[in-house]
Amino acid sequence: MSRLLEVPAAQVPPAGGRSLFRHEGKSLVLFNLNGELYAIDEGCPHNGASLFGGRLDGRLLHCPAHGLRFDLATGCVAGVKGFGVATYAVELQQGRCFIDLSRPRPQESIVCLQQQ
Ligand code: FES
């Protein structure tokens, strides 16, 4: 069953932007990379640093604390099996933006070993 969170229109970032928001005790960051939207947990799974201010290199987000690089699409860190930040599907429906909180990734079916 999906759990859709509607993102308020004012918090949908423009191309190249990002926004931080909270929902039911969860902190999420929404990125807009050239029109593609990606939602991830704000907290780095390594030691909890905020990923909101991380530097982007294409789709790779660098954690500002220790430099792990997360792929925004998968949440995975290159070369680290089974470790990554939770990501969520983002859906656009009739001009409204929703994040599906029921399907966080990486899931067991995603192997975090891709080369980047
Ligand atoms: S807290 Fe993010 S890499 Fe250590």
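## A tour strand by strand

Follow the chain from its start and the elements read β-β-β-β-β-β-β-β-β. That makes nine strands and zero helices. Keep in mind as you look around that this is a predicted model.

**Start with the whole protein.** Show the surface: the protein exposes about 6,400 Å², and 49% of that comes from carbon and sulfur atoms. Now look beneath it. Of the 116 residues in the protein, 39% are buried, with buried meaning under 20% relative accessible area. If you display contacts, take those with a separation of 6 or more: 40% of them join residues 24 or more positions apart.

**Next, select S5, S6 and S7.** These three strands form an open sheet, arranged in the order S5-S6-S7, with antiparallel pairing. Colour residues 55-57 for S5 and 69-71 for S7, and you have marked the edges of the sheet. Each of these two strands has a single partner strand, so one side of each is left without a neighbour in the sheet. Turn the view a little to look at the twist, which averages 30° from one strand to the next.

As a reminder while you are here, strands of a sheet pair through backbone hydrogen bonds, in either a parallel or an antiparallel way.

**Then zoom in on S6 and S7.** Select residues 60-62 for S6; this strand pairs with S7 in the antiparallel sense over three bridges. Which residue in S7 is the bridge partner of histidine 62? Select arginine 69 and you have found that partner. Showing the backbone of histidine 62 and arginine 69 together puts this bridge on your screen.

Technical notes
Residues numbered from 1 in each chain as written. Predicted model: local features only at pLDDT ≥ 70, side-chain atom pairs only at ≥ 80, totals over all residues. Heavy atoms only, no water. Helix = DSSP H or I, 4+ residues; strand = E, 2+ residues; numbered from the N terminus. Buried < 20%, exposed > 50% of the residue type's maximum accessible area, 1.4 Å probe, protein only. Contact = heavy atoms within 4.5 Å. Areas by Shrake-Rupley, 256 points an atom, 1.4 Å probe, with all protein chains shown as cover. Pairing = 2+ DSSP bridges. Axes fitted to C-alpha atoms, helices over the stretch in contact; angles between N-to-C directions.
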